[in-house]
Amino acid sequence: QVQLVESGGGLVQAGGSLSLSCIVSGNIFSINVLGWYRQGPGKQRELVATITRDGMTNYADSVKGRFTISRDNAKKTVYLQMNSLKPEDTAVYYCNAVVTRWSKMFDYWGQGTQVTVSS
């Protein structure tokens, strides 16, 4: 069983900062890609940022320069530092992990954490 547990969401004023974290646990051979996705009200889930095991990152254009993704492989944890938050960043943020188990790759999701940015 693999679990992803997010924390750190909340309410913040526009221009403020929040930090999210996600811990991955379970019987895993390796964690390949970790990422954050979000789903705003009435919108589809979208990519926010991803990071590979080697630290290569990818960001949605809408968050470049404001958000930073990082990971601690030893702690099986991924972080998302969000600065200069805007009301349009309001969404449920989901952690995603692509892991290897028994020589196969699997895709897992966290339960989501709400981020609300007030104007």
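**Starting at the surface**

Begin by selecting Asp61, which is exposed with a relative accessible area of 65%; here exposed means over 50%, buried means under 20%, and partly exposed covers the values in between, with a 1.4 Å probe and protein chains only. The structure on the screen is a predicted model, in which local features need pLDDT of at least 70 and side-chain atom pairs count only at pLDDT 80 or more, while totals for chains, interfaces and linings use all residues. Residues are numbered from 1 along each chain as its sequence is written, and side-chain values use heavy atoms, with hydrogens and water left out.

Now add Lys64 to the selection, and the side chains of Lys64 and Asp61 can be seen to meet in a salt bridge, at 3.1 Å from N to O; the term stands for a side-chain nitrogen of Lys or Arg within 4 Å of a carboxyl oxygen of Asp or Glu. The structure holds 4 salt bridges, and others are visited further on.

**The whole chain**

Next, show the whole protein chain as a cartoon, which has 0 helices and 11 strands; both are DSSP runs numbered from the N terminus, helices being H or I runs of at least four residues and strands being E runs of at least two. The C-alpha atoms fill a box of roughly 45 × 25 × 25 Å along the principal axes. The radius of gyration of the protein chain is 14 Å, which agrees with the value near 14 Å for a compact globule of 119 residues, where the radius is taken over C-alpha atoms and the globule rule is 2.2 Å times the number of residues to the power 0.38.

Of the 119 residues, 45% count as buried. Among contacts (heavy atoms within 4.5 Å) between residues at least 6 apart in sequence, 54% join residues at least 24 apart.

**The nonpolar core**

Hide the surface residues and select Trp36, Leu80, Met82 and Tyr93, which touch the most other members of the largest nonpolar core, a set of 31 residues. Such a core consists of buried Ala, Val, Leu, Ile, Met, Phe, Trp, Tyr and Cys residues joined through side-chain atoms within 4.5 Å. Which strand gives the largest share of this core? That share, 5 residues, comes from E9.

Centre the view on Tyr93, and leave aside residues up to four places away in sequence: the residues that Tyr93 touches include Trp36, Leu80, Met82, Arg38 and Thr113. Thr113, the next stop, lies in strand E11 and is buried, with a relative accessible area of 11%. A polar atom of the Thr113 side chain lies 3.3 Å from the backbone nitrogen of Gly9. Beyond its neighbours within four places in sequence, Thr113 is in contact with Glu6, Gly9, Leu20, Ala91, Val92 and Tyr93.

**A network around Arg38**

Return to Arg38 and display Glu46, Arg66 and Asp89 alongside, since these four residues are linked in a network of salt bridges. Side chains of opposite charge can pair when their charged atoms come close. In the pair of Glu46 and Arg38, the closest N and O atoms are 2.7 Å apart; Glu46 is partly exposed, with a relative accessible area of 36%, whereas Arg38 is buried, at 6%. Arg38 also forms a salt bridge with Asp89, with the closest N and O atoms 2.9 Å apart. Because Arg38 lies in strand E4 and Asp89 in the loop between E8 and E9, this pair ties together parts that are 51 residues apart in sequence.

**Three stops in loops**

Stay in the loop between E8 and E9 and select Leu85: is Leu85 buried or exposed? At 2% relative accessibility, Leu85 counts as buried. With residues up to four places away set aside, the residues that Leu85 touches include Val12, Leu18, Arg66, Phe67 and Val117.

Then go to Lys76, in the loop between E7 and E8, where phi is near 50°, a positive value in a residue other than glycine. Most residues other than glycine have a negative phi, and most peptide bonds are trans. Lys76 is partly exposed, with a relative accessible area of 30%.

End the tour at Trp102, in the loop between E9 and strand E10 (104-109). Trp102 has a positive phi, near 50°, and counts as exposed at 59% relative accessibility.

How values were computed: Polar contact = N/O pair within 3.5 Å; in protein donor to acceptor, adjacent residues only side chain to side chain.
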